[in-house]
Amino acid sequence: MEDLVVRAEGLRKRFGKTQALDGVDLAMRRGTVLGVLGPNGAGKTTAVRVLATLLRPDEGSAFVAGIDVLKRPQDVRRVVGLTGQYASVDEDLTGVQNLVLIGRLLDMTGRDARQRADELLAWFDLAEAGQRPAKTYSGGMRRRLDLAASLVGHPEVIFLDEPTTGLDPAKREDMWGVVRNQVASGASVLLTTQYLEEADALADEIVVVNHGKVIAHDTPDGLKRRVGGQTLRVRPADQSRLPEVLQVLDAVAAPGMTAVRDEAAGSRPGAASVPVTGDAALAGAITQLSRSGIEVTELALHLPSLDEVFHTLTGRTKTEELV
Ligand SMILES: Nc1ncnc2c1ncn2[C@@H]1O[C@H](COP(=O)(O)OP(=O)(O)O)[C@@H](O)[C@H]1O
Ligand SMILES: [Mg+2]
């Protein structure tokens, strides 16, 4: 089995004057979650539509589960689940009927289809609503039914295009649970999102897309490290040793930086922190603290938030601009 379950090279797609994809390479390892992050108009949906065989690129190649997307689209469709597509929900049918219909289209027996429908509706907290026509569903319920529909056939590769946009935080976390469940049972998930914390929480690797180009591909922590700006914080058990801690931190500081005292808040004892450039600083500080016999209650390396990373990579100032 090929290790890369999605592999795309040099994808280009133009709509009139818009170069939606401008040479996109993608790679997703089997059994992992790949997060595709990018501002509105970056080309995320276009890339997903190419991979899901809904759109032909002008140039480039793509393979899903080792199958050539351009040469064997029918075979690709058999292994892929896509939210909101084959999933197309019929408004007049109930939740159960929609899912059973899809199961039947996938050659399941009536009994298996019904069983799968009930299982999925329970997962998505739609068991009760399952008897009502889909047109009576709220927006959030619709999205969940869409996602359930894409999972009926136990797809090995799942494409989720902004699966949690518009969901309230509780439902969003339910959805994260579903994604994790799918991965635990062997599926691979490519999801686009406008929520940095979602990519951080779910993705094994993140591809950052901007203006139809991939501008970064790394693990969430790798992205944060790349942008730098880590902070090492140490809180001594004995406050009288804070001056020594400051000295230890100065010795491992990033060039030109000095350690500062963090204000003690209320009964919380004081700490010291310093900007550092790499993991070596952490090891150096630990060695020196233990040599000096300084006991600590906190010792942590804080990475920058993914928000800061995204800002640095795309030059955008606010997360809101992602929407
Ligand atoms: N069918 C289309 N016709 C014309 N322009 C399109 C079409 N689909 C996408 N685009 C344009 O291509 C660019 C990328 O769109 P899209 O892939 O939807 O971005 P994203 O999903 O990252 O928001 C945008 O400028 C968008 O307006
Ligand atoms: Mg989109």
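## Close-up views of the predicted model

**View 1. A backbone N or O atom of Ala42 sits 3.1 Å from an oxygen atom of ligand 1.** This is a predicted model, where local features need pLDDT of at least 70, side-chain atom pairs count only at pLDDT 80 or more, and totals for chains, interfaces and linings use all residues. Residues are numbered from 1 along each chain as its sequence is written, chains are lettered from A and ligands numbered from 1 in the order written, and side-chain values use heavy atoms, with hydrogens and water left out. Two side chains join in as well: a polar side-chain atom of Lys44 comes to 2.8 Å from an oxygen atom of ligand 1, and for an N or O atom in the side chain of Asn40 the distance to a ligand oxygen is 3.3 Å. A polar contact here is a pair of N or O atoms within 3.5 Å; within protein, one must be able to donate a hydrogen and the other to accept it, and residues adjacent in sequence count only if both atoms are side-chain atoms.

**View 2. Here is the shell around ligand 1, made of Phe15, Thr18, Ala20, Pro39, Asn40, Gly41, Ala42, Gly43, Lys44, Thr45 and Thr46.** A residue is near the ligand if one of its heavy atoms lies within 4 Å of it. By type, the shell splits into four nonpolar, six polar and one charged residue; Gly counts as polar, Ala, Phe and Pro as nonpolar, and Lys as charged. Helix 1 contributes the most to this shell, with three residues. Helices (H or I, at least four residues) and strands (E, at least two) are DSSP runs, numbered from the N terminus.

**View 3. Six strands make an open sheet in the order 6-7-8-3-9-10, with mixed pairing.** Strand 6 (80-82) and strand 10 (213-218) are the edges, each pairing on one side only. Direction ignored, neighbouring strands of this sheet are turned by 15° against each other on average. The axes behind that angle are lines fitted to C-alpha atoms, and angles run from 0 to 180 degrees between N-to-C directions. Zoom in on one edge and you find strand 6 and strand 7 (residues 157-161) paired in the parallel sense over three bridges, with Val80 opposite Val157 in strand 7. Two strands pair if DSSP finds at least two bridges between them.

**View 4. Strand 4 (residues 59-64) runs antiparallel to strand 1 (residues 4-15), joined by five bridges.** Val6 stands across from Val64 in strand 4. Strand 4 also pairs with strand 5 (residues 67-68), again antiparallel, over two bridges, and there Val64 faces Ile67 in strand 5. What does Ala65 do in the hairpin of strand 4 and strand 5? Ala65 takes a positive phi near 50°, in a hairpin with two residues between the strands.

**View 5. A four-stranded open sheet follows the order 12-13-11-14, with antiparallel pairing.** Its edges are strand 12 (260-262) and strand 14 (296-302), each with pairing on one side only. On average, and with direction ignored, neighbours in this sheet are turned by 25° against each other. Six bridges link strand 11 (residues 230-236) to strand 14, and the two run antiparallel. Look for Val234, which stands opposite Leu299 in strand 14.

**View 6. The protein chain is assigned two domains: domain 1 (4-224) and domain 2 (229-302).** Their C-alpha centres lie 44 Å apart. The bounds come from an automatic or database domain assignment.
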